[in-house]
Amino acid sequence: MTIDTPVTTPRNAGTTGSISLVGIGPGHTDHMTTRARAAIAEADVVVGYVTYIKLVADLLDGKEVVRKGMTEELDRAVHALEAARAGKKVALISSGDAGVYGMAGPTYEVLFQAGWTPEDDVMVEIVPGASAINACAALVGAPLTHDFCSVSLSDLLTPWPVIARRLDAAAAADFVVALYNPKSGRRTQQIVQAQALFLRHRRPDTPVAIVKSAYRRRQQIVHTTLDQMAEQEIGMLSTVLIGNSSTFLRAGLMVTPRGYANKYDVDQGFETREGEKAGRSLSSGLLGWIEGVRAEHASGLGLTELARRHRLPADYIEQVLATPDEHEPTEAGAEETEA
Ligand code: SAH
C-alpha cells in the first residue's frame, strides 16, 4: 500500500500564524498521536481546559498557556484567531477528537465570521484523536462492530425534542448508540428520558456499558442493562454505550456480532451457508432482496403490503420495483475486503 498524501500540511508553516485543533485522545499520553504531540510542541500558544493542559505539561516550556473554563468556547476561538493573525502558532486542545462535540465547529464558525477562507494566510489544521466512543468501546469489548451512532444528551444548545427524536430514531433503527454528555449536576433527567425512549424499542436486558474517565486515573467501567442504566452512577465524565438487539455480554465483554452467522455456519467450522458466497453480498443483500421483492410483487402483493412486510416506505418499494435489472459483477476485483 502506498500513502501519497502528506501526513501534515505545513503549506505556509513558519511564515504566518496557524491554528491547530488538536484532539489528544481520551486522556492518557499513550493514546495521544505523534502528530498531536508535535502540533503542541510546535505551538507558541496553547489553549485548553486545565485538565488537558496538565496532560501535556511536559511540552509547554516557554509557551504562552491559556487555561480556559468550560463555557468560553467562542472566546477561545476568537483568541486563537487573533493570535494567529499576529503570526503565532496556536494549538487548541480538545479531549478525544476536536471534531466530535469539540472546538472544530465553533472555530470554523468564528473564522468564517471573521472573513477567513482556506486560502487565507492563517493555516488551519485539525489533528484527529481517538474519541470517547473509541476509547470506551475498546475498554468494554467490541460493541461497535456493527452500525452505530452517537447522541449527546446535552440540551445546553440543542432543544430536547430534537434530541428525543434522534434517540427514538436511533433506537428504532437498532443502532448501537453512544450517549455523550449523559448527565451532569444540573442535567439529571435526560438519561431517564433516554432510557424510556429506548425501552419502547429494545429489550430491558439489552447490554449497556457505562465508562467513566476512560484511560484516566479514576477510570470506572460498569456493565448493566437498559432497564437499570439510569440508576447507575453516571456523570459528566461518563459515556454510555447501549447495545443493539444482537449485542451480548460474555465473560465481562460487550460484543456486537458483525453478522457472520448470516453467511457462515459458525457451529460447523464456518462453512458458507447454502445460497451464500464468500466475498459477495448476502442473498438478502441489495440485489438478492430486489429479486425477492419483485417475485412477491409478481405473486400479487401490493405496495402497502410489501412496505409493511419489509418495514420500508411504500414509495421506496415502488422505486425499487422500477429499478432496471442489474447483475452482480463476477470478475476478480469484485471481492470485498473488510478488516
Ligand atoms: N471531543 C470529545 C467529546 C467532548 S464532549 C471526544 O471526542 O471524546 C464531553 C463528553 O465526552 C463527556 O460528557 C463524556 O460523555 C465523553 N468523554 C470524554 N472523554 C471521556 C473519557 N475519557 N471517558 C469517558 N467519556 C468521555
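A nitrogen atom of the ligand lies 2.8 Å from an N or O atom in the side chain of Thr239, which is a polar contact in the sense of a pair of N or O atoms within 3.5 Å. The backbone also takes part, since a backbone N or O atom of Ser95 is 2.9 Å from a ligand nitrogen, and a polar backbone atom of Ser213 is 3.5 Å from a nitrogen atom of the ligand. On its own the ligand has 540 Å² of accessible area (Shrake-Rupley method, 1.4 Å probe), and the protein covers 92% of that area.

This is a predicted model, in which local features need pLDDT of at least 70 and side-chain atom pairs count only at pLDDT 80 or more, while totals for chains, interfaces and linings use all residues. Residues are numbered from 1 along each chain as its sequence is written, and side-chain values use heavy atoms, with hydrogens and water left out.

Around the ligand stand 20 residues, the closest being Val100, Ser131, Met236, Ser238 and Thr239; a residue is counted here if one of its heavy atoms lies within 4 Å. This shell divides into 11 nonpolar, seven polar and two charged residues, and helix H5 (132-140) and strand E11 each supply at least two of its members.

Strand E11 (238-242) is also among the elements that cover the buried residues of helix H7, together with helix H6 (160-172) and strand E8 (176-180). In H7 (residues 190-199), Gln190, Ile191, Ala194, Gln195, Leu197 and Phe198 are buried, that is, under 20% relative accessible area (1.4 Å probe, protein chains only). Seen down the axis of H7, these buried residues fall within an arc of 165°, so they line one face of the helix.

Conventions
Buried means under 20% relative accessible area, exposed over 50%, partly exposed in between (1.4 Å probe, protein chains only). Helices (H or I, at least four residues) and strands (E, at least two) are DSSP runs, numbered from the N terminus. The arc is that of the directions from the helix axis to the C-beta atoms. Contact means heavy atoms within 4.5 Å. A polar contact is a pair of N or O atoms within 3.5 Å; within protein, one must be able to donate a hydrogen and the other to accept it, and residues adjacent in sequence count only if both atoms are side-chain atoms. Ala, Val, Leu, Ile, Met, Phe, Trp, Tyr, Cys and Pro count as nonpolar, Asp, Glu, Lys and Arg as charged, and the others, Gly among them, as polar.
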